[in-house]
Amino acid sequence: MAINEVYKDLGTDLEISSLHQNSIDLKGSFSTQDIKTARLIFDIEKNDIPLPMSSLTATIYMKGSNFVVQDICQVNKEMSQITYIIDSDTIKHYGSVQAEIYLRYNQGQSLSVHKFHFRIDQALIDQDIEVIYQVYIRDLEDVKAEYILNFENLDRELRQMLEELRGEINTLEGNSNTLSAKLITLQQTLDAMDVLKKSGDTAIGTLNSTAESAFNVSYGGLKHYIGLQQAGTIVRIQIGTSASKWGKYVDVIVGGTEIVTDGDLRINPISTSTTYATGIAPISAVWTKSIINGVEKLASNTVTLKNVVELGRNADVGFLRINGSSALTEAVVSSNDDFNNVLEFGRNYYISSSAKNAPVTVGTDTAGSASAYVRSISSIGQVYYHYSGRLFYRYMRNSPLTPYTTTKTDANGWVEFETTSGAQAKADKALSDATTKASAAETNSKAYTDSYFASKTIASNLAIYLSDTQSYTWNHSNMKKGLYIEVVRYTVGTGSNDYGYDEIFISKELIERRLGKACWFAMPSTINGEKKCMKFSLNGTVGTLTGYASNATSPDSGWAVSNIRME
């Protein structure tokens, strides 16, 4: 039966730093009657994080009324904590106590942690007792001497045990030949029976079983109640074969995401909403224990046998179960309305009409079935059969499993398999769309070409000499070929004659090359060298045609300009 130990604690957090080395007031006191219960307890930090406490020894130096003590402290490496229980002699010295903690590392370094002070009050019962001055210094040399003495005693005991064992061995050697002969006889009997060994053997013939449960692959499933815990809390789970015999343990930090293992002990992550620690443990572990903030909770029958593979029969129908469900033979299992739960191979999952993470193109009616194909421990493929006859596939990977999306998948990672009829319908539609677009492109191209090269009238129904006071403009950016100027025979005093029509072409290239220059253009059927003299100018995109005064004098006045256009 465990003995309850009660302590009166006094302490604080001690920060290792070259700053703020003033003595800390622990703001408390012990009594001279706190015998073996007055405990100093300190959490050691450096730069606001727990200080690693491996490979070191902690000592305390205390000085008070009529006493000086130097002693070794207890070190909790996992919690970066130092504790010291004031001995029965020291606690009798009431009054103010000054103290300091030192750390001595195995490689030779040492440092002062911090100074602090507190009081020991004199209990009423002790007020008539005279206190004797005490000096007690216990260091590593004292501990060394104790260990040497213990080892010497242990050496004598071991030598005595060896002598006793030699006598027993001599006795056993006399019986070894008899035992060896019995073992040989037993092995010969087993060989004759052609029996498989419990482990490590190989069957070379057919194995038959008439049992309904013929073969199982199992593990020990651990489930230990811990209640709700805050993030960052350290939960230790330990397994044992009895309430007093404990073995492996692991420490799990609440809120972490990693599985914590120690050999065949595996504990799953514990969240802030988890009330049980779960995992895998040897089936021989009859007891489990949780340790949270120093509080131990024991429980038995928390490790139960779980079958992950079962091979057998129900009457005359065989079955293969994976993780409790019949592989490929069970009708359907629920996906809990989420495709992200379709994870186990060998199951035919029922998909409701409103499942989450479905293919985007399916819309709101997602009814169908799905199955998973395990690729590795961190990747699977999913196949989804929609009741309308559509077939989809997606790939999930990483831990936790998430959909793999690319430019060829939808937002949930799905790709649809095409059917023959669906592919033909799409091909027919694509051909029809292409034909329509080609026809439209041809029409648009012809219209554009016609518009591009269409003739644009600058001036019409004219009867002018095109003198130096007469100018005509156009948008030069729309000109593709050049100007076309129509001329007609003209009689001064009468007007245009309705004969002798002709058209003069002036290229765009000539216009741009001879800007501002006088350009002469001969009239058709000229007798006396008749011509029209013109000049061109450009201002931005505006082109301008201007005549000369000579166009209104004989013989050039025998011709008039009737139309101006451009292409």
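This is a short talk on ring pairs, one open sheet and one buried valine in the structure above. Please keep in mind that the model is predicted.

I'll start with the aromatic rings. There are 12 aromatic pairs in the structure. One of them joins F30 and F118, edge-to-face, with 5.8 Å from centre to centre and 80° between the planes. F30 belongs to strand 2, residues 24–31, and F118 to strand 10, residues 110–121, so this pair ties together parts that are 88 residues apart in sequence. F30 and F118 are both buried. They also belong to a cluster, in which ring pairs link F30, F42, F116 and F118.

A second pair is Y395 with Y404. The geometry is again edge-to-face, at 6.0 Å between centres and 80° between planes. Are these two tyrosines buried or exposed? Neither label fits: Y395 is partly exposed at a relative accessible area of 21%, and Y404 is partly exposed at 35%. The cut-off for buried is under 20%, so Y395 at 21% does not qualify.

Next, charges over rings. K531 lies over the face of W520, 4.5 Å from the ring centre. R565 has its charged end over the ring of Y484, at 4.2 Å from the centre of that ring.

Now the sheet. It is open, has 4 strands in the order 31-37-36-35, and the pairing is antiparallel. Which strands stand at the edges? They are strand 31, residues 471–475, and strand 35, residues 519–522; each has a single partner strand, so one side of each is left without a neighbour in the sheet. On average, and ignoring direction, neighbouring strands here are turned by 30° against each other.

Within that sheet, strand 31 and strand 37, residues 542–547, run antiparallel and are joined by 5 bridges. If you want a residue to look at, take W474, whose bridge partner in strand 37 is G543.

Last, the valine. V487 sits in strand 32, which covers residues 482–491. Its relative accessibility is 1%, so V487 counts as buried. What does V487 touch, leaving out residues up to four places away in sequence? The contacts are G500, Y501, D502, I504, M523, P524, W559, A560, V561 and S562. I564 is 77 residues from V487 along the chain, and the C-alpha atoms of the two are separated by 9.3 Å.

To recap: a buried phenylalanine pair, F30 with F118, an open sheet of 4 strands, and V487, buried at 1% relative accessibility. That is the end of the talk.

Note on methods
Residues are numbered from 1 along each chain as its sequence is written. This is a predicted model: local features need pLDDT of at least 70, side-chain atom pairs count only at pLDDT 80 or more; totals for chains, interfaces and linings use all residues. Side-chain values use heavy atoms; hydrogens and water are left out. Rings of Phe, Tyr and Trp (its six-membered ring) pair if their centres lie within 6.5 Å; planes under 30 degrees apart count as stacked, over 60 as edge-to-face and the rest as tilted. Helices (H or I, at least four residues) and strands (E, at least two) are DSSP runs, numbered from the N terminus. Buried means under 20% relative accessible area, exposed over 50%, partly exposed in between (1.4 Å probe, protein chains only). A charge sits over a ring if NZ of Lys or CZ of Arg is within 6 Å of the ring centre and within 35 degrees of the ring normal. Two strands pair if DSSP finds at least two bridges between them. Axes are lines fitted to C-alpha atoms, for helices over the stretch in contact, and angles run from 0 to 180 degrees between N-to-C directions. Contact means heavy atoms within 4.5 Å.
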